[in-house]
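Visitor: I would like a close look at a single part of this protein, and I am happy to follow you wherever it leads. Could you take me through it slowly?

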Amino acid sequence: MKFTELGLSDSLLKAVTRAGYEEATPIQAETIPMVLDGKDVIGQAQTGTGKTAAFALPILQRLDFDNPNIQALVISPTRELAIQTQEEIFRLGKDERAKVQVVYGGSDIRRQIRNLKQHPQVIVGTPGRLLDHIRRGTVKLDHVKMLVLDEADEMLDMGFLDDIESIIKQVPSERQTMLFSATMPPEIKRIGVQFMTEPHHVKIKAKELTADTVDQYYVKAKEFEKFDIMTRLFDVQAPELTIVFGRTKRRVDELSKGLEARGYNAAGIHGDLSQQRRTQIMRQFKAGKLDILVATDVAARGLDVSGVTHVYNYDIPQDPDSYVHRVGRTGRAGHKGVSLTFVTPNEMEYLRVIEKLTKKRMLPLKPPTDAEAFAGQIAAAEANVDSLVAKTKTEKYADQAAELLAKYDATDLVAALLNDLTKDDATAVPVKITPERPLPRHKGGGGGNRRGGGYRGGNRNRNRSGNGGSRGGNDRRGGYSHNGRSRDDHRSSDRRNGGSNDRKSGGYGSRSREDNRSNNRNHDEGRKQSSKRNFTIRTND
Ligand SMILES: Nc1ncnc2c1ncn2[C@@H]1O[C@H](COP(=O)(O)OP(=O)(O)OP(=O)(O)O)[C@@H](O)[C@H]1O
């Protein structure tokens, strides 16, 4: 549907055109008129289908620019998502000079207070820091007329619910309330509607819960085999921008160090890192200066990084909703993506439960052999050679080239070049990743009651202490962290190709070589980091 049919103002239509949006997505087409009409809305649609603009545009239109008070509040589960959402609302409301501010934990509160004195009309924030500002009296919500819970099911789940209730108490009851997410379990929706008035539930029907643009695979492997298989898969699939999800913070640290040791341009983020470091890594990743982001579920919700081609679940998520959000970091806004999930033999039942929820079968992949990995590396190196030759001013080096050709056999020279352009093979740099305790044996069935008595872990009072929780994978959720994300991620510092199974992909969902060539981002950089030394991860545990 055309944006012009939705009742948006001319300046917002201009902003939409400037953003490059041609047509409204289904969730935008359905919810924008309702929100403009002042209705309470629950908006549910696949990941990456433009839910942010679906609430941002009508909110901007309903702002009274002569009113200096906070009129709209958007609550986000993670700092990174809050920052991104503020940026998008600001971008769309630029012509109207909408004042949009973000507040989140782990960053200088005095600066936030200074900015709050500039009278923002829209606030985006994480719950802990919002509460902090409310208590200090630096954020006053008594003029708020629009409230959004982004990633609403996450915000209304046990980990956040108390904070959300405390915040909502500060917002006038005469307000418009909106909940948005790709997933909305019925029992969470029941909690949500208590904060709403005659809500309209807009659920964009899709055959599958996950975006249909993502080709989903799984590899059955033993715990200790996963790392080597993953790097071999990288060689074969040649992912461009990749997110690897790990279950715990320790896992993320070890994986990112191990990948670096093998010459990949990788870095990890999780809730124990300083916010400064988290922001720095996200910036690098968004700018394409980092090929692989390794993360806990702190990066699973809402993050919109264009060009993420592959998502690897190094650990199968315990929570099927989490799977939906993780793989939703690729295949966004109509682009293609590939996801790959490792599953140990005793975790197969978890895979089936995820498939039941998503209504999509993951295709099994065999781990690539060494020969296949080598072939993948050589293919990438050849593509590199093509671009190197194309950009080299041959005359400049002609004499030295002739000298080298006289000294060495031409085949030896090219072989040395290829050796330099390929990464160390798995065995050359042994990496040992500390085994995580496997997920408890699944009781079977599943799918129906996902949260209540399902397998989200019996003890719903998770991680309230915000103690970082997941070291050793042993927290109060029966020995497993909440998807590797502790309350600390949420609050402690807030207060607490292709995919097709064709030859090019060799059956591994790789991107075409053409793609690789044109997007040969920083593989060279990555390679330079490669140290041909033995590398074993040490941990404190
Ligand atoms: N109408 C549109 N046409 C094209 N692209 C769009 C449109 N609306 C939004 N986008 C772009 O699509 C991408 C995904 O949007 P957004 O992050 O809002 O998705 P989402 O549905 O909130 O996903 P998630 O469930 O993962 O949070 C963004 O890069 C956004 O700029």
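Visitor: Is E198 buried or exposed, and how many other C-beta atoms lie within 10 Å of E198?

Guide: Gladly, and please keep in mind that this is a predicted model. E198 is exposed: 7 other C-beta atoms lie within 10 Å, and a residue counts as exposed when that number is 12 or fewer. The backbone is worth a look here too, since E198 has a positive phi of about 40° although it is not a glycine. The residue sits in the loop that links helix 9 (186-193) to strand 7.

Let us follow the chain from that loop into the sheet. Strand 7 (200-203) is one of the two edge strands, pairing on one side only, and strand 3 (100-103) is the other. Between these edges runs an open sheet of seven parallel strands, ordered 3-4-2-5-6-1-7, with an average twist of 15° from one strand to the next. In that order, strand 7 comes after strand 1. Strand 1 (residues 41-44) also pairs with strand 6 (residues 176-181), in the parallel sense and over four bridges. Within that pairing, I42 of strand 1 faces L179 in strand 6.

At the far edge, helix 6 (residues 127-136) lies across strand 2 (72-75), strand 3 and strand 4 (122-125). The angle between helix 6 and strand 3 is about 105°.

The UniProt record helps to place our loop. An unreviewed entry lists "domain: Helicase ATP-binding" at residues 32-202. That span is 43% helix and 18% strand, and its end C-alpha atoms lie 11 Å apart. The same kind of annotation, again from an unreviewed entry, gives "domain: Helicase C-terminal" for residues 213-373. Here the end C-alpha atoms are 26 Å apart, and the span is 37% helix and 22% strand.

Residues 213-373 are also where a useful parallel to E198 can be found. K359 has a positive phi of about 60°, although it is not a glycine. K359, too, lies in a loop, between helix 14 (348-358) and strand 14 (363-364). K359 is exposed, with 11 other C-beta atoms within 10 Å.

For contrast, turn to the interior. The largest nonpolar core has 122 residues, and those touching the most other members are L60, L73, L293, V294 and A295. Helix 3 (residues 51-62) supplies the largest share, seven residues. Leaving aside residues up to four places away in sequence, A295 touches I243, F245, V252, G268, I269 and H270.

Helix 3 also leads us towards the start of the chain, for the buried residues of helix 1 pack against helix 3 and helix 4 (79-92). In helix 1 (residues 10-18), those buried residues are L12, A15 and V16. Viewed down the axis of helix 1, they fall within an arc of 100°, so they line one face. The face turned away from them carries the exposed residues D10, T17 and R18. Just after helix 1, G20 has a positive phi of about 90°.

Stepping back, the chain holds 20 helices and 14 strands, and 52% of its 541 residues are buried. E198, where we began, is exposed, in a loop that leads into strand 7, an edge strand of the sheet.

Technical notes: Residues numbered from 1 in each chain as written. Predicted model: local features only at pLDDT ≥ 70, side-chain atom pairs only at ≥ 80, totals over all residues. UniProt positions renumbered as here; feature names shortened; annotations may be inferred. Pairing = 2+ DSSP bridges. Axes fitted to C-alpha atoms, helices over the stretch in contact; angles between N-to-C directions. Contact = placed C-beta atoms within 7 Å. Core = buried A, V, L, I, M, F, W, Y, C linked by C-beta atoms within 7 Å. Buried ≥ 20, exposed ≤ 12 C-beta atoms within 10 Å, placed from the backbone. Arc of directions from axis to C-beta.
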